Amino acid sequence: MKSTDNKEKTAKPTVKRGVTKPKSNAAAGLTELFEDSLKDLYWAEKALTKALPIMARNATSEELIDAINNHLVETEEHVTRLEKVFDLIGKKAITKKCDAMEGLIEEGKGILEETEIGVVRDAGIIAASQKIEHYEIATYGTLRQFAETLGLEEVASILELTLDEEKGADKLLTEVAVNAINLEAAEAE
Ligand SMILES: [Fe+2]
Ligand SMILES: [Fe+2]
């Protein structure tokens, strides 16, 4: 009934060149987009709990190893927080493969293959990790805003907690890079 009404009211859209037609099951509204993005992020955080230990094992700077291990503990909490968010919105916590995070993790693994263990690999690990943190910052920032728009205040504040930790991790990685690694990596040339 509703869809028939919509059909009657909606003028046939003119197809613009390069505009992708939605799949028939494409997200219809902000709530769906929000929930879909949460599933992506849930996949991403879970993937990071496996990728971070690999990065830590390949790092040599004690400062960097500590930074990664601390963020691993936070990342495990991020997974738990997302489960709480799913619970609050009355949805089952399910993952959906996040292509962007998969690519970023692959890029990180590629750096490990292309470098010898030592300061240069450490610099590469920081670069890859910061791209990951920036992706997470962008995603949590967006989803917190979606949650606010949707009137989900508790969800918004949970997402904000994680957002702050992603920002903290990024800042710490910058400090580690500035303090020692990039300088040593340049000297190692
Ligand atoms: Fe995270
Ligand atoms: Fe993170």
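Select Leu52, Met55, Ile125, Ala128, Ser129, Ile132 and Glu133: together they line the second largest cavity. This is a predicted model. The cavity here holds about 50 Å³. Which helix gives the largest share of this lining? Colour H5 and see: five of the residues come from H5. Helix H2 (30–58) also supplies at least two. By type, the lining has five nonpolar residues, one polar and one charged.

**Next stop: the largest cavity**

Keep Leu52, Ser129 and Glu133 selected, since they are also among the residues lining the largest cavity. Now add Ala67, Ile68, His71, Ala169, Leu172 and Leu173 to complete that lining. The space inside is about 70 Å³. Which helices each supply at least two lining residues here? They are H3, H5 and helix H6 (153–187). Six residues of this lining are nonpolar, two are polar and one is charged. How many cavities of 30 Å³ or more does a search of the whole structure find? It finds two.

**Next stop: H3 against H5**

Show helix H3 (residues 62–88) beside helix H5 (residues 119–149). Their axes lie 13 Å apart, at an angle of about 25°. An angle under 35 degrees counts as roughly parallel, so H3 is roughly parallel to H5. Their crossing is left-handed.

Now pick out the side that H3 brings: Leu64, Ile68, His71, His78 and Leu82. They meet Asp122, Ile125, Ile126, Glu133, Glu136 and Tyr140 of H5. Across this contact, six residues are nonpolar, two polar and three charged. Some names should look familiar. Ile68, His71 and Glu133 also help line the largest cavity, and Ile125 helps line the second largest.

**Last stop: H4 against H5**

Stay on H5 and bring up helix H4 (residues 99–114). The two axes are 9 Å apart and the angle is about 175°. Do H4 and H5 run roughly parallel or roughly antiparallel? Angles over 145 degrees count as roughly antiparallel, so H4 is roughly antiparallel to H5.

Select the H4 side of the contact: Ala100, Met101, Leu104, Ile105, Glu107, Gly108, Ile111 and Leu112. Then select the H5 side: Arg121, Gly124, Ile125, Ala128, Lys131, Ile132, Tyr135 and Glu136. The residues of this contact divide into ten nonpolar, two polar and four charged.

Finish on Ile125. This residue touches H4, meets H3 and lines the second largest cavity.

Key
Residues are numbered from 1 along each chain as its sequence is written. Chains are lettered from A and ligands numbered from 1 in the order in which they are written. This is a predicted model: local features need pLDDT of at least 70, side-chain atom pairs count only at pLDDT 80 or more; totals for chains, interfaces and linings use all residues. Side-chain values use heavy atoms; hydrogens and water are left out. Axes are lines fitted to C-alpha atoms, for helices over the stretch in contact, and angles run from 0 to 180 degrees between N-to-C directions. Helices (H or I, at least four residues) and strands (E, at least two) are DSSP runs, numbered from the N terminus. Angles under 35 degrees count as roughly parallel, over 145 as roughly antiparallel, 65 to 115 as roughly perpendicular and the rest as oblique. A crossing is left-handed if the near helix is turned anticlockwise from the far one by less than a right angle, and right-handed if clockwise. Contact means heavy atoms within 4.5 Å. Ala, Val, Leu, Ile, Met, Phe, Trp, Tyr, Cys and Pro count as nonpolar, Asp, Glu, Lys and Arg as charged, and the others, Gly among them, as polar. On a 1 Å grid over the protein atoms alone, a cavity is a set of points where a 1.4 Å probe fits but cannot get out, and a pocket is an open set with protein on both sides within 12 Å along at least five of seven lines; lining residues have an atom within 4 Å of a point. Grid points are joined across faces, edges and corners, and a volume is the space filled by probe spheres set on the points.
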